[in-house]
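Student: I've got a model open and I'd like to learn how to read it, starting with empty space inside. Can you walk me through it?

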Amino acid sequence: MGRKSVRNKKQPRGCLGRFLLFLVVVEGLILAAGIGAFVYVNSVLDLVERPQVKNAAIFEKLEDLGESLSGKKDDGIVNILLIGQDMREGADHKLADTMILCSVNRNTGMMTMCSLMRDMYVQLPDYAGHTGTKNRINAAYSLGCAWNGDRGGMEMLDQLILEQFGVEVDYNVEFSFDSFVRVVDALGGVELDLTEAEAAYLNKQPNLPDSYTEGSNLLDGEAALIFVRTRHSSAGDSDFLRTGRQRAVVAAVTEKLRKMDFQQLHSMITDILPMIYTDMTNREILSCALKLLPMAADLKIESQQIPADGTYENARVEIGGYSAAVLVPDLEKNKQILMEICEG
């Protein structure tokens with residue numbers, strides 16, 4: 001009896017033994033598949049470009065600042081700042097030509113796009129040993145890059161938004177003119193509704209076909225770039241209408257992406273990721289995707305700009321020895337508007 005008992009403990013027999021062996025094999029396959037998937041996902045996400053930094057110690061202080069000023073927890077809201085920078089080949093500086101704060105609320109299934117008008121006249125933060133002065137908001141990105149590398153531009157702009165508007169930016173994604181064109185082309189273009197004036201303006205451009213009409217049009221990357229950058233398509237055009245066009249393109253891209261099947265998305269992702277410049281780690285990208293993808297099919301999109309209508313004044317101020325046209329916002333009113341959107 002003793003020998004039989006010992007043998008049964010060491011070598012399970014019959015149905016029980018085969019079942020335990022089956023579980024071991026299945027567990028091994030799941031583990032192998034999990035490791036393979038992890039390696040694959042990370043190899044894909046490694047295609048993303050990350051900004052460089054001169055002084056990493058500064059970012060630790062900014063994380064402490066974010067916690068003390070906002071105290072934000074995982075409340076179902078993710079704030080992603082899209083930055084379109086205007087640096088051209090051979091230039092030694094870059095301004096934030098476009099700033100769109102996309103606030104995705106998982107609780108309501110809503111994404112609100114808030115354009116931060118580049119001519120807003122605000123107090124720049126103290127950063128990287130430099131004392132902030134009053135300037136246009138897009139100068140924060142240029143100065144941050146100059147003082148602490150490309151990631152410094154993102155961090156200084158994030159710090160400004162936190163200090164002036166009380167909203168914490170979770171992640172930053174930057175596009176250049178070239179990467180914007182390539183992303184739109186990789187999507188096969190975007191469908192946009194054009195006004196008669198906008199269609200006529202595009203038809204005048206030498207590198208575009210003379211075929212745009214009022215109503216729905218398919219724009220390739222070059223046409224979309226001209227569309228989002230112009231503020232002179234008609235006598236009544238303005239920077240406010242320009243930022244509206246930018247949000248329309250973001251909405252069109254979002255709409256096109258969420259209609260793709262898995263195979264199309266996979267192909268698209270491997271094409272687009274090398275064009276993306278972000279401060280998100282692989283883990284943060286994956287975590288964000290797992291949280292947001294389930295709501296993609298039914299995502300509702302709203303649009304806003306800061307400063308909001310009726311909450312600013314036009315003015316001329318001296319910047320760098322030159323007279324400049326700026327928007328002077330009512331900070332308290334705009335802070336309240338932005339916080340209601342981005343903090344729930």
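Tutor: Sure. Keep in mind that this is a predicted model. Rolling a probe the size of a water molecule over the atoms shows where empty space is left. Here the count comes to one cavity of 30 Å³ or more.

Student: How much space lies in the largest cavity, and which residues line it?

Tutor: About 40 Å³. Its lining is made of D97, T98, M99, S115, L116, R118, R242, T243 and Q246. The elements giving two or more residues to that lining are β2, β3 and α8.

Student: Let's stay with the strands, then. In which sense do β2 and β3 pair?

Tutor: For any pair of strands, look at the direction and then at the bridges. Strand β2 (residues 96-105) and strand β3 (residues 110-116) pair in the antiparallel sense, over six bridges. For one of the matched positions, find I100: its bridge partner in β3 is S115. You've met S115 already, in the lining of the largest cavity.

Student: What is the order of the strands in the open sheet?

Tutor: Six strands, in the order β9-β6-β1-β2-β3-β10, with mixed pairing. At the edges are β9 (277-278) and β10 (300-306); each has a single partner strand, so one side of each has no neighbour in the sheet.

Student: Which strands does α4 lie across?

Tutor: α4 lies across β1 (77-85), β2, β3, β6 (171-175), β9 and β10, and runs at about 135° to β1. Try Q164, which is in that helix (residues 139-165).

Student: Is Q164 buried or exposed?

Tutor: Buried counts as under 20% relative accessible area. Q164 comes out at 14%, so Q164 is buried. Beyond four places in sequence, Q164 is in contact with Q123, L331 and K335.

Student: What about N334, in α11: what is its relative accessibility?

Tutor: It's 0%, so N334 counts as buried. Helix α11 covers residues 331-342. Next, ask what the polar side chain reaches: for N334, the backbone oxygen of D330, at 2.9 Å. Leaving out residues up to four places away in sequence, N334 touches F165, I306, P307, A308, T311 and P329.

Student: One more helix. Which residue caps the N-terminal end of α7?

Tutor: D220: one of its side-chain oxygens lies 3.3 Å from the backbone nitrogen of E222. Within α7 (residues 221-229), G221, A223, A224, L225, F227 and V228 are buried. Their cover includes α5 (177-186), β7 (190-194), α6 (196-203), β8 (215-219) and α8 (239-258).

Note on methods
Residues numbered from 1 in each chain as written. Predicted model: local features only at pLDDT ≥ 70, side-chain atom pairs only at ≥ 80, totals over all residues. Heavy atoms only, no water. Helix = DSSP H or I, 4+ residues; strand = E, 2+ residues; numbered from the N terminus. Buried < 20%, exposed > 50% of the residue type's maximum accessible area, 1.4 Å probe, protein only. Contact = heavy atoms within 4.5 Å. Pairing = 2+ DSSP bridges. Axes fitted to C-alpha atoms, helices over the stretch in contact; angles between N-to-C directions. Polar contact = N/O pair within 3.5 Å; in protein donor to acceptor, adjacent residues only side chain to side chain. 1 Å grid on protein atoms, 1.4 Å probe; cavity = no way out; pocket = protein on both sides within 12 Å on 5 of 7 lines; lining within 4 Å. Points joined across faces, edges and corners; volume = space filled by probe spheres on them.
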